[in-house]
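Visitor: I would like to learn how to read a few features of a fold. Could we take them one by one, with the general idea ahead of the case?

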Amino acid sequence: GISCDGGDGIVTSIVLPETNLLATLPTELALLPNLATINLKRNVLWGTLPTEFTSMSSLVTVNLQDNHIKGKVPAFRSKLLQQLDISHNGLTGHVVPDFGADNEALVYLDLQKNQLSGYLPYGLEDLP
């Protein structure tokens, strides 16, 4: 479901896995400045990862596993990001060189089962 912080109605998490959600990731997610967790794994999300979303500074956990997301793997800008799973999608090309540069707290990364090429940026090879 959707969780809010305290009684003020500020959205902090969206957890809707395996709900047959058919959509693109809306750029309007960036209007939720306290969104820390988004879990939309195993739905029918398509399109690309919007810059407005990947630039959010509040993200801690992102799970978009097993959807139909296409395009390149962008850098996520949240220094708080700990877990990122965008595996089992249709992402292509090289991982951008600055991927992970802003993610000081990152402890889990899953990019498998995409059509990626090239090398992971320095420092990411030690992640589980």
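Guide: Let us start with a hairpin. In the one formed by S1 and S2, four residues lie between the strands, and Gly6 has a positive phi near 55°. Note that this is a predicted model.

Visitor: How many bridges join strand S1 to strand S2, and do they run parallel or antiparallel?

Guide: As general background, side chains in a regular strand alternate between the two faces of the sheet. Here S1 (residues 2–5) and S2 (residues 10–15) run antiparallel and are joined by four bridges. Within this pairing, Ser3 has Ser13 in S2 as its bridge partner.

Visitor: How is a pair of aromatic rings described?

Guide: Two values are used, the distance of the centres and the angle of the planes. A search of the whole structure gives one aromatic pair. The ring centres of Phe53 and Phe76 are 6.1 Å apart and the planes stand at 85°, so this pair is edge-to-face. It links distant parts of the chain, 23 residues apart: Phe53 belongs to helix H1 (residues 51–54), while Phe76 sits in the loop between strand S7 (68–71) and strand S8 (83–85).

Visitor: Are Phe53 and Phe76 buried or exposed?

Guide: Both are buried. Phe53 is also listed with Leu64 and Leu84 as the residues with the most contacts inside the largest nonpolar core, which has 27 residues.

Visitor: Which residues does Leu84 touch, leaving out those up to four places away in sequence?

Guide: Its contacts on that count are Val62, Phe76, Phe99, Leu106, Tyr108, Leu109 and Asp110. Phe76 of the aromatic pair is therefore one of the residues that Leu84 touches.

Visitor: Next, a polar residue. Why does Asn67 count as buried?

Guide: The cut-off for buried is under 20% relative accessible area. Asn67 has 4% relative accessibility, so it counts as buried. Asn67 is in the loop between strand S6 (61–63) and S7. A polar atom of its side chain lies 3.1 Å from the backbone oxygen of Leu40, and the side chain also reaches the backbone oxygen of Gln65 at 3.3 Å. Residues touched by Asn67, beyond four places in sequence, include Lys41, Arg42, His88 and Asn89.

Visitor: And where is Gly93?

Guide: Gly93 is in strand S9 (residues 90–94), and it counts as buried because its relative accessibility is 16%. Its C-alpha atom is separated by 5.3 Å from that of Ser117, 24 residues apart along the chain. Gly93 touches Lys72, Gln115, Leu116 and Ser117, not counting residues up to four places away in sequence.

Terms used. Residues are numbered from 1 along each chain as its sequence is written. This is a predicted model: local features need pLDDT of at least 70, side-chain atom pairs count only at pLDDT 80 or more; totals for chains, interfaces and linings use all residues. Side-chain values use heavy atoms; hydrogens and water are left out. A nonpolar core is a set of buried Ala, Val, Leu, Ile, Met, Phe, Trp, Tyr and Cys residues joined through side-chain atoms within 4.5 Å. Buried means under 20% relative accessible area, exposed over 50%, partly exposed in between (1.4 Å probe, protein chains only). Contact means heavy atoms within 4.5 Å. Rings of Phe, Tyr and Trp (its six-membered ring) pair if their centres lie within 6.5 Å; planes under 30 degrees apart count as stacked, over 60 as edge-to-face and the rest as tilted. Helices (H or I, at least four residues) and strands (E, at least two) are DSSP runs, numbered from the N terminus. Two strands pair if DSSP finds at least two bridges between them. A polar contact is a pair of N or O atoms within 3.5 Å; within protein, one must be able to donate a hydrogen and the other to accept it, and residues adjacent in sequence count only if both atoms are side-chain atoms.
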